[in-house]
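Here is a quick walk through one model, heading by heading. Keep the viewer open as you read.

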Amino acid sequence: MQELAIQPRGIFWQDDFITPEHEAHLMKIFQNELEWPERSGRLSLHYGYTFDYKTFGVDPSIPFKDFPVWLIPLLPTREGRPPDQVCLQHYPPGAGIPPHVDTHSAYDQLYALSLGAPVMMQFTRNSDADGDEEGEKKEVVEVDLTPRSMMQMSGDSRLHWTHGIKKRKTDTLPNGTVRRRDDRWSITYRWIREPAVCDCGDAKLCDTTQRKLGIEKEYRWKKEGEGTTTTTTDEPSTTTDEAATTSTEPATIEEPNTDLATPEDPTPEDPAPEDPAPEDLAPEDPAPEDPAPEDPNTPEEPNTTTEVSEFL
Ligand SMILES: O=C(O)CCC(=O)C(=O)O
Ligand SMILES: [Fe+2]
């Protein structure tokens, strides 16, 4: 793998991790043999350990789910041991994933294999040179996730920039070409961090640092009145696509469904993709006592709250 010579640093890349024939074979398996959840938007299937939403580690009470035979040759080998958690995701055209960092304390290494149609991923950093919000500058770098490429996010790209995929039906390439989205699958590989603490010191993106600083977020699984403080490190957003801001948990941010209306989308006549069911972002949130989530049809308000749920 080779490091991309871009900001953020730490993105390692390998083109053609598998052959087009192998990819075609996998896509048949994904489409015909797997049981996907029945809902719209991005769909996820998990292998290996299961995430625990209370500890942000893995749930030791849920047995490891063996990797299916087709997955074995797709596991990265550079870590010297297989990943602990693997997530297969299907993105129908128009689906995305909110900007986030994968939980620092829970996971160490992070890899993703792209299959099917290409898509643009946004890496975003809010730099705040002198510590006041006024001076804050948002940097966005787009990386084209081409099919069959394996990407490792390490260093800055893993810890200090968020990554996400906008919910829209086209992407605009650097040369101005507008490219239609099509079905994409990705496989995300995670290695558990032991001990489950991160020393990166990023108060905005690192859950360990936030815990040390006494910054606690509101967790959907916690009932009201338990004495938790609700704090969000998210900045109020001024533009539509910034509203889903960083999260440090295994967590989810509600993503406003405004991507189709951005000027760079040349197909405003497209019907909006299905509004994300809140559970798109929280497919496995284990809190049945949660109050009903907000109406997903009214996300135009800049969203400055962060809810913990699952999108891993
Ligand atoms: O779909 C991808 O390539 C990456 C998804 C992702 O960021 C995640 O599962 O945490
Ligand atoms: Fe991620």
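Which residue in E8 is the bridge partner of Gln122? The partner is Glu142. Keep in mind that this is a predicted model.

## The four-stranded sheet

That pair belongs to a longer run of pairing: nine bridges join strand E7 (residues 119–127) to E8, and the two run antiparallel. Zooming out, E7 and E8 sit in an open sheet of four strands, ordered E5-E10-E7-E8, with antiparallel pairing. Strand E5 (97–100) and strand E8 (137–145) are at the edges with a single partner strand each, so each has one side left without a neighbour in the sheet. On average, and ignoring direction, neighbouring strands here are turned by 20 degrees against each other.

As background, strands of a sheet pair through backbone hydrogen bonds, in parallel or antiparallel fashion.

## The nonpolar cores

Now for the inside. The largest nonpolar core has 28 residues, and Tyr111, Leu113, Met151 and Ile187 have the most contacts inside it. At least two of its residues come from each of E4, E6, E7, strand E9 (150–153) and E13. The top contributor is E6, which gives six residues.

Met151 is a handy place to start looking around. Leaving out residues up to four places away in sequence, Met151 touches Ile11, Trp13, Tyr111, Ala112 and Leu145. Apart from the core described above there is another one, of five residues, including Val101, Cys198, Leu205 and Cys206. In soluble globular proteins, nonpolar side chains do tend to be buried together.

## Around ligand 1

What surrounds ligand 1? Eleven residues do, and those that come nearest are Ile97, Asp102, Ala112, Ser186 and Thr188. Strand E4 (85–91), strand E6 (107–116) and E13 are the elements that give two or more residues to this shell.

By class, the shell around ligand 1 is a mix: five nonpolar, five polar and one charged. Ala112 is worth a second look, since this residue is among those nearest the ligand and is also touched by Met151.

## Asp199 in its loop

Is Asp199 buried or exposed? Asp199 is exposed, because just 9 other C-beta atoms lie within 10 Å, and 12 or fewer counts as exposed. Asp199 is found in the loop between strand E13 (184–192) and helix H3 (207–212).

For a landmark across the chain, try His160: Asp199 and His160 are 39 residues apart along the chain, and their C-alpha atoms are separated by 12 Å.

Notes
Residues numbered from 1 in each chain as written. Chains lettered and ligands numbered in written order. Predicted model: local features only at pLDDT ≥ 70, side-chain atom pairs only at ≥ 80, totals over all residues. Pairing = 2+ DSSP bridges. Axes fitted to C-alpha atoms, helices over the stretch in contact; angles between N-to-C directions. Buried ≥ 20, exposed ≤ 12 C-beta atoms within 10 Å, placed from the backbone. Near = placed C-beta within 6 Å. Nonpolar A, V, L, I, M, F, W, Y, C, P; charged D, E, K, R; others polar. Core = buried A, V, L, I, M, F, W, Y, C linked by C-beta atoms within 7 Å. Contact = placed C-beta atoms within 7 Å.
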